[in-house]
Amino acid sequence: MFHLNDGKTETAEQLMRSRYSAFVLANGDYLMQTHHKSTRPIAEKEAIVKWAKSVKWIKLEVLKTTKGLKNDEEGTVIFNAYFNENGTNNNIHEKSAFIKENNTWYYLGYAKN
């Protein structure tokens, strides 16, 4: 749904969930569009898409959200994203930082602390 409306989400968690779906779909354009311009890895887009296509995504588990609500300007989401790569189950554990600019949430990158 958010992939069709240019990533317009009300919360940081919604954006994080939509970005997980974009990894499942290997939608590099959406991943770049929803990544804040100050940290956007344009040069790595092809590699990210290639990797996203090469794994089997299993599930997303949101562990904790701090701020990131409709009236906030920043927030963090801690999650586990489970996938299978070459027959081995793995997961990405991350505390992601998000920022809202011009009423639009963006992924900034790994949150410090």
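In this predicted model, the largest pocket holds about 530 Å³ of space. Its lining is made up of 24 residues, and those lying nearest the centre are Arg19, Phe23, Glu94, Tyr107 and Tyr110. By character, the lining residues of this pocket divide into 17 nonpolar, four polar and three charged. Helices and strands both take part: α1, α2, α3, β1, β2, β3 and β4 each give two or more residues to the lining of the largest pocket.

The strands that contribute to this lining can be followed along the chain through their pairings. Strand β2, covering residues 74-85, pairs with strand β3, residues 88-101, in the antiparallel sense, and twelve bridges join the two. Within this pairing, Ala81 stands opposite Ile92 of β3. The hairpin of β2 and β3 has two residues between the strands, and there Asn86 takes a positive phi near 55°. A second hairpin follows. Here β3 pairs with strand β4, residues 104-110, again in the antiparallel sense, through six bridges. Glu101 stands opposite Thr104 of β4. This hairpin of β3 and β4 also has two residues between the strands, with Asn102 at a positive phi near 50°.

Turning to the packing, the largest nonpolar core has 22 residues, and the members that touch the most others are Met16, Trp57, Leu60, Ala81 and Phe98. At least two residues of this core come from each of α1 (12-25), α2 (28-33), α3 (45-54), β1 (56-67), β2 and β4. The most generous contributor is α1, which gives five residues.

Trp57 offers a handy view of how these parts meet. With neighbours within four places in sequence set aside, Trp57 is in contact with Tyr20, Phe23 and Val24, with Trp51 and Ala52, and with Ala81, Tyr82, Phe83 and Ile92. Two residues on this list, Ala81 and Ile92, are the pair that stand opposite each other across β2 and β3. Another contact of Trp57 is Phe23, one of the residues nearest the centre of the largest pocket.

A residue outside the helices and strands also deserves a look: His36 is placed in the loop between α2 and α3. His36 counts as buried because its relative accessible area is 8%, below the 20% cut-off. Leaving aside neighbours within four places in sequence, the contacts of His36 are Ile99, Glu101, Tyr106, Tyr107 and Leu108. Among them, Glu101 is the residue opposite Thr104 in the second hairpin, while Tyr107 is one of those nearest the centre of the largest pocket.

Note on methods:
Residues numbered from 1 in each chain as written. Predicted model: local features only at pLDDT ≥ 70, side-chain atom pairs only at ≥ 80, totals over all residues. Heavy atoms only, no water. Pairing = 2+ DSSP bridges. Helix = DSSP H or I, 4+ residues; strand = E, 2+ residues; numbered from the N terminus. Core = buried A, V, L, I, M, F, W, Y, C linked by side-chain atoms within 4.5 Å. Buried < 20%, exposed > 50% of the residue type's maximum accessible area, 1.4 Å probe, protein only. Contact = heavy atoms within 4.5 Å. 1 Å grid on protein atoms, 1.4 Å probe; cavity = no way out; pocket = protein on both sides within 12 Å on 5 of 7 lines; lining within 4 Å. Points joined across faces, edges and corners; volume = space filled by probe spheres on them. Nonpolar A, V, L, I, M, F, W, Y, C, P; charged D, E, K, R; others polar.
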